Amino acid sequence: MKTPVVDVKNVKKVYGKSGESQSYALNGVSFSILEGEFVGIMGPSGSGKTTLLNVISTLDKATEGSIHIAGSDITTMKQGALSDFRSQKLGFIFQDFNLLENLSIYENIALPLSLQGVSSRKIGPMVQKVAATLRITEILQKYPSEVSGGQKQRCAAARALVHEPAIILGDEPTGALDSKNATSLLEAMTNLNENHGVSIMMVTHDAYSASYCQRILFIQDGELYKEIHRTGAREDFYREILDVLADLGGAKA
Ligand SMILES: Nc1ncnc2c1ncn2[C@@H]1O[C@H](COP(=O)(O)OP(=O)(O)OP(=O)(O)O)[C@@H](O)[C@H]1O
Ligand SMILES: [Mg+2]
């Protein structure tokens with residue numbers, strides 16, 4: 001039986017200090033992501049997507065509820081343990097790449113390993129392996145300013161993956177890409193997921209990107225609104241996603 005890699009139970013998040021006017025950005029959200037799943041998070045602007053990603057990624061604290069990742073409860077961990085946990089168990093892909101301009105692509109990808117104190121002898125083969133998976137072997141010696149947006153984002157994906165995290169978390173990873181590069185990143189993510197068993201959770205407002213997921217959780221006003229599974233062709237799933245977005249009143253075709 002597959003085990004959950006992420007288990008979110010009744011999570012609530014309130015911003016602001018007590019006494020000030022408060023509203024729930026997350027108001028009792030529960031769901032699990034199983035090992036090897038590719039899950040999308042969608043919902044209107046302000047519905048709580050980034051908040052949800054931030055509390056799962058340990059960048060922010062939930063006000064209530066529990067979040068287990070790879071078996072550990074991150075809501076009770078102390079700061080020091082959290083930062084170790086983050087660097088070992090999580091991989092991030094952001095909209096704006098976050099590559100360091102003065103490091104080569106190779107060095108950027110190697111960074112999570114160097115920070116964990118992995119020896120450079122071991123780092124080489126690990127970087128080469130993810131680079132081959134993401135088809136960026138040819139550009140490893142270049143600098144971010146010398147490669148395309150799509151290549152940059154595949155480098156960011158390689159960096160998110162190189163330390164073999166329990167899950168990859170993406171916040172609008174295709175947001176800054178044109179459609180050709182977005183497709184190439186989504187195909188690379190699908191390859192990681194289907195052929196290498198990598199678990200992925202991706203926040204996106206884009207129905208086309210979301211259609212690459214196996215399952216989508218829709219949130220509205222900080223609550224789970226609906227969940228849909230892909231059962232057939234991606235094109236059919238795309239239309240199904242647009243229908244749900246239209247019901248939500250936030251359709252973006
Ligand atoms: N740091 C913050 N302080 C106070 N309120 C916040 C903060 N961050 C978010 N919120 C509020 O929490 C709610 C959820 O915001 P969140 O950023 O999670 O939405 P989102 O679904 O990611 O929206 P978008 O699609 O526009 O990125 C919104 O009402 C927002 O105004
Ligand atoms: Mg957001």
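This report describes the surroundings of ligand 1 and the two largest pockets of a predicted model.

Because the model is predicted, local features need pLDDT of at least 70 and side-chain atom pairs count only at pLDDT 80 or more, whereas totals for chains, interfaces and linings use all residues. Residues are numbered from 1 along each chain as its sequence is written, chains are lettered from A and ligands numbered from 1 in the order in which they are written, and side-chain values use heavy atoms, with hydrogens and water left out.

**Ligand 1**

The residues around ligand 1 (a heavy atom within 4 Å) include Tyr-15, Ala-25, Pro-44 and Lys-49, and this shell divides into 3 nonpolar, 6 polar and 1 charged. Polar contacts, that is pairs of N or O atoms within 3.5 Å, to oxygen atoms of the ligand are listed here.

| Residue | Protein atom | Distance |
|---|---|---|
| Gly-46 | polar backbone atom | 2.8 Å |
| Gly-48 | polar backbone atom | 3.0 Å |
| Thr-50 | polar side-chain atom | 2.9 Å |

Of the 640 Å² of accessible area that ligand 1 has on its own, the protein covers 51% (Shrake-Rupley method, 1.4 Å probe).

**Pockets**

On a 1 Å grid over the protein atoms alone, a pocket is an open set of points where a 1.4 Å probe fits, with protein on both sides within 12 Å along at least five of seven lines, and lining residues have an atom within 4 Å of a point. The largest pocket has a volume of about 430 Å³, and Arg-86, Ser-87, Leu-90, Phe-92 and Pro-112 are the closest to its centre among 16 lining residues. The second largest pocket holds about 330 Å³; of the 16 residues that line this second pocket, the closest to its centre are Lys-129, Leu-161, Glu-164, His-196 and Val-198.

Terms used:
Polar contact = N/O pair within 3.5 Å; in protein donor to acceptor, adjacent residues only side chain to side chain. Nonpolar A, V, L, I, M, F, W, Y, C, P; charged D, E, K, R; others polar. Points joined across faces, edges and corners; volume = space filled by probe spheres on them.
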